[in-house]
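Open the model in your viewer and switch to a cartoon view with side chains hidden. Keep the selection panel at hand, as each stop begins with a residue range or a single residue.

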Amino acid sequence: MNRLRILPLDDAVVFPGMPVTLTVDVGDDERVVLVPRLQDVYARVGVVAEVSERVRMAGRGFAVTLMGAHRATLGSASADQDGVLRVDYEARPDQNPPAIQTRDLEREYPRGRRRNSRVAR
């Protein structure tokens with residue numbers, strides 16, 4: 001398993017491919033794990049995110065821009081020697097089916113359902 005700094009998200013969920021800017025200091029880490037948290041209970045799945053930009057804010061500390069890379073299932077977490085909470089994780093990248101499989105599934109899907117599933121405007 002791999003081990004990265006964990007950043008809990010109390011009011012947000014980040015998906016792979018999503019950019020997010022957070023007012024946190026990630027030190028020298030180039031990657032972190034973003035994990036939804038509800039009332040001190042962490043989700044079992046998070047997103048590994050790449051640090052794309054670091055900004056020092058006037059009088060307010062730091063901010064980083066992160067880009068969600070892929071999902072990850074989480075293992076045990078513990079603080080390192082600097083007191084930073086880190087979590088073991090296993091990468092779970094999304095699987096893209098072959099184009100021919102997608103076309104076959106599109107043909108099988110009833111046309112009426114596609115038409116009726118549109119959002120009313």
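The tour of this predicted model goes through strand pairings, then hairpin turns, then a few loop residues.

**Stop 1: β6 and its partners**

Select residues 61-79, which make up strand β6. Now add residues 19-22, strand β2; β2 and β6 pair in the antiparallel sense over 4 bridges. To find the register of this pairing, show valine 20, whose bridge partner in β6 is leucine 66.

Next, add residues 45-57, strand β5. β5 and β6 run antiparallel and are joined by 12 bridges. Within that pairing, valine 47 stands opposite arginine 71 of β6.

Then add residues 85-92, strand β7, which pairs with β6 in the antiparallel sense over 7 bridges. Here the residues to label are alanine 77 and valine 87, the latter being the bridge partner in β7. While the side chains are on display, keep in mind that in a regular strand they alternate between the two faces of the sheet.

**Stop 2: two hairpin turns**

Zoom in on the turn between β5 and β6. The two strands form a hairpin with 3 residues between them, and glycine 59 in this turn has a positive phi of about 70 degrees.

Move on to the hairpin of β6 and β7, where 5 residues lie between the strands. Glycine 83 takes a positive phi near 85 degrees there.

**Stop 3: the loop between β3 and β4**

Select glutamine 39 and aspartate 40. Glutamine 39 is in the loop between β3 (31-38) and β4 (41-42), and aspartate 40 has its place in the loop between β3 and β4 as well. Glutamine 39 has a phi near 50 degrees, a positive value in a residue other than glycine. For aspartate 40, also not a glycine, phi is positive and near 65 degrees.

Are these residues buried or exposed? Glutamine 39 is exposed, at a relative accessible area of 73%; aspartate 40 is exposed too, at 67%.

**Stop 4: aspartate 29**

Finally, select aspartate 29, in the loop between β2 and β3. Its relative accessible area is 16%, so aspartate 29 counts as buried, the cut-off being under 20%.

What is in contact with aspartate 29, leaving aside its neighbours within four places in sequence? The residues to show are Arg5, Val51, Arg54 and Arg86. Draw a distance between the side chains of aspartate 29 and arginine 86: a polar contact of 3.4 Å joins them.

Definitions and conventions: Residues are numbered from 1 along each chain as its sequence is written. This is a predicted model: local features need pLDDT of at least 70, side-chain atom pairs count only at pLDDT 80 or more; totals for chains, interfaces and linings use all residues. Side-chain values use heavy atoms; hydrogens and water are left out. Two strands pair if DSSP finds at least two bridges between them. Buried means under 20% relative accessible area, exposed over 50%, partly exposed in between (1.4 Å probe, protein chains only). A polar contact is a pair of N or O atoms within 3.5 Å; within protein, one must be able to donate a hydrogen and the other to accept it, and residues adjacent in sequence count only if both atoms are side-chain atoms. Contact means heavy atoms within 4.5 Å.
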